[in-house]
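Me: I've got a model open and a pile of labels to go with it. Can you walk me through where those labels come from?

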Number of protein chains: 2
Amino acid sequence: MTPRTERAHQFFLDLQDKISEAIATIDGQRFHTDTWDRPAGGGGRSRVLQDGPVIEKGGVMVSSVMGEMSEAFAQQFPGRGRRFAATGMSLILHPRNPHAPTVHANFRYLEKGEGEDTVAWFGGGADLTPHVLYADDAVHFHQVWKNVCDRSQVVSHPALKKWCDEYFYIPHRKEARGVGGIFFDYLGIDAPDLGGRAVDLELAFAFAKDAGGSFLDAYVPILERRKDAAFTEAERDWQLHRRGRYVEFNLVYDRGTTFGLKTDGRVESILVSLPSPVKWTYGHEPSPNSKEAELVEVLQRPRNWVS
Amino acid sequence: MTPRTERAHQFFLDLQDKISEAIATIDGQRFHTDTWDRPAGGGGRSRVLQDGPVIEKGGVMVSSVMGEMSEAFAQQFPGRGRRFAATGMSLILHPRNPHAPTVHANFRYLEKGEGEDTVAWFGGGADLTPHVLYADDAVHFHQVWKNVCDRSQVVSHPALKKWCDEYFYIPHRKEARGVGGIFFDYLGIDAPDLGGRAVDLELAFAFAKDAGGSFLDAYVPILERRKDAAFTEAERDWQLHRRGRYVEFNLVYDRGTTFGLKTDGRVESILVSLPSPVKWTYGHEPSPNSKEAELVEVLQRPRNWVS
């Protein structure tokens, strides 16, 4: 590992500790930890909490992988050659209460190439998926990320907000996965067609650190105020159907998931992102003018929650 | 529509009637019928049965679509040009009882090209996905398909059985979706690299008719003897987790599903294939030497059930 890969890896491990401890305190149940080696190089530490009173299924994962990409795969990334190293943290929390939104976040550092030809970048983001729309939750979540972006010299909040809306989109449903957040990639390299920017890598690292360190500020207040809300059977049923859309996005479109599955990644760590239980009903539609219909309208036309 | 497309379409509509009526009689609940038009040409008739006492979710769908494929898409198929017409019937039945296996079947006729350059072929198959392994169910299912293949002059049962095992395989799980059945494609054109054979199209049609007409013989005796079996909560839970594998296959690998989703197909008709409810649990493994473990072993090493 290069020194920066090492530093990023350590940051992700510390962040995993901090986040999993905070979520475990709210839930009351502890995360189960698995450490694993990747035969082709690297490994990871997965923390999973299932069937907790607050978190129905959640994972906070760190992995660090290195080696050679396949030729076809390498061509999809900037940088010459097939050698790479990647380290990152990703999390998904699916609360049990239908009023509490699902959240996902991911922060990663990649290096590709050799010697002088090495390119390196940071990527990541965070997005919120409510089952019942609360404008104040969406505003709070977006405000935290806007603040993080505004205090960095290397990113623009409107660009990262837009990227998130575009990325977490389910074309066959013609709707967004959720109410968005931020998304960034290739931060540190000159790759305008990919959204990358040739910024100082240490400033990119500082931004990723600030964003990762802000995750709990963005999500915990929302979880705290929704986790014990009274809910109906109909709301629970709606939540399980919305989870179906989450599965559709992750298995059909999500680059991280399909990448992992097709490159012999650790299946359990990749698919811990899938919610459970989940339902699919033919012709399942919200009643007109219901709060469920209101959510779908917002997902069909992403809003600017903060200005 | 060409006369043969018309005849195939009519055959699929009649088959849909016959199969949905037989299944509705067993279930006691009727199928709901939706007919729909495809804006770019064609349409379909979807029959869906949900929350029945025997069938928890099932669909028997006929569609007939025509027009022009995208250039990129057209290149994946034999035949010049982008014009095509396709008609087919597909069905998936997810019984409620964990002892009763899920079944899928599909039969289709395609034409591509124009005038002298038109190529045409039949494709399809049927496969069984048990949650609890019963060797006699697998033997019966395979025996029906072997008999169908053996009385045709245009296919070989071992080839179609092998193709099915290879197609319904989940690489990231390193296991088959189920215990297989038969799969064939490009029957009627000289495309050895795709598994196609230049057989007489009327003989190919006769085979597809015989196979479609044999579906009830293949499945109904199995459904009848398992639908009322006593089951435990643990068996139900295992079934919901196995359904997760079914979702993974359909959304990540199935060509029909990903084709439909990415070409603006009718989403509800495509995703009626997904079971419900479904569970995913991190690190979910059968106990050693259990009957669940026995099923997984068979899925990892497909067997020849008939000789």
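What follows is a run of questions about the labels, each answered from the numbers.

Reply: Sure, and keep in mind that this is a predicted model.

Me: Let's start with the rings. Why is the pair A:F168 and A:F183 called edge-to-face?

Reply: Two numbers settle it. The centres are 6.0 Å apart, and rings pair if their centres lie within 6.5 Å. The planes are at 75 degrees, and over 60 counts as edge-to-face. So A:F168 and A:F183 pass on both distance and angle.

Me: What makes that pair a tie between separate parts of the chain?

Reply: A:F168 sits in the loop between α4 and β7 of chain A, while A:F183 is in strand β9, so the pair joins parts 15 residues apart in sequence. Both A:F168 and A:F183 are buried, too. They also belong to one aromatic cluster with A:W163, A:Y167, A:F249 and A:Y253. Over all chains, the structure has 32 aromatic pairs.

Me: How do you know that B:F141 and B:W145 form an edge-to-face pair?

Reply: Same kind of check: the centres are 5.8 Å apart and the planes 75 degrees, against limits of 6.5 Å and over 60 degrees. This time both residues lie in helix α3 of chain B, four residues apart, or about one turn of the helix. B:F141 and B:W145 are both buried.

Me: What makes A:R226 a charge over the ring of A:Y134?

Reply: The charged end of A:R226 is 3.7 Å from the centre of that ring, and the distance limit is 6 Å. There is an angle condition as well: within 35 degrees of the ring normal. In chain B, B:R226 lies over the face of B:Y134, also with 3.7 Å to the ring centre.

Me: B:R226 has a charged partner as well. How do you know that B:D137 and B:R226 make a salt bridge?

Reply: Nitrogen to oxygen is 2.9 Å, and the cut-off is 4 Å. So the pair qualifies. B:D137 is in helix α3 and B:R226 in helix α6 of chain B, so the bridge ties together parts 89 residues apart in sequence.

Me: And why is B:D137 called buried?

Reply: Because its relative accessibility is 4%, and buried means under 20%. B:R226 gets that label too, with 11%.

Me: Why does A:D51 with A:R96 still count as a salt bridge?

Reply: The closest N and O atoms are 3.9 Å apart, and the rule allows anything within 4 Å. The partners come from distant parts of the chain: A:D51 from the loop between β2 and β3, A:R96 from the loop between β4 and β5, 45 residues apart. A:D51 is exposed at 57%, since exposed means over 50%. A:R96 has 28%, which falls between the 20% and 50% limits and is therefore partly exposed. Shared partners join A:D51 and A:R96 with A:E56, A:R236 and A:R243 into one salt-bridge network.

Me: What makes A:S20 and A:R47 a polar contact?

Reply: Their side chains come to 3.2 Å, and the limit is 3.5 Å. The side chain of A:S20 also reaches the backbone oxygen of A:D17 at 3.4 Å. A:S20 is in helix α1 of chain A, and its relative accessible area of 5% makes it buried, because the cut-off is under 20%.

Me: On to the two chains. How do you know that B:R173 and A:E268 are bridged?

Reply: The N to O distance is 3.1 Å, inside the 4 Å limit, so it is a salt bridge. Between chain A and chain B there are two salt bridges and 15 residue pairs in polar contact.

Me: Which part of chain A gives the most to the side that touches chain B?

Reply: α7 of chain A does, with five residues. In total, 34 residues of chain A contact 34 of chain B. The chains bury about 2800 Å² between them, 59% of it on carbon and sulfur atoms. A:E268, A:W280 and A:Y282 supply 30% of the area that chain A buries against chain B, more than any other three residues.

Terms used:
Residues are numbered from 1 along each chain as its sequence is written. Chains are lettered from A and ligands numbered from 1 in the order in which they are written. This is a predicted model: local features need pLDDT of at least 70, side-chain atom pairs count only at pLDDT 80 or more; totals for chains, interfaces and linings use all residues. Side-chain values use heavy atoms; hydrogens and water are left out. Rings of Phe, Tyr and Trp (its six-membered ring) pair if their centres lie within 6.5 Å; planes under 30 degrees apart count as stacked, over 60 as edge-to-face and the rest as tilted. Helices (H or I, at least four residues) and strands (E, at least two) are DSSP runs, numbered from the N terminus. Buried means under 20% relative accessible area, exposed over 50%, partly exposed in between (1.4 Å probe, protein chains only). Contact means heavy atoms within 4.5 Å. Buried area is the accessible area (1.4 Å probe) that two parts lose on being put together, summed over both. A salt bridge is a side-chain nitrogen of Lys or Arg within 4 Å of a carboxyl oxygen of Asp or Glu. A polar contact is a pair of N or O atoms within 3.5 Å; within protein, one must be able to donate a hydrogen and the other to accept it, and residues adjacent in sequence count only if both atoms are side-chain atoms.
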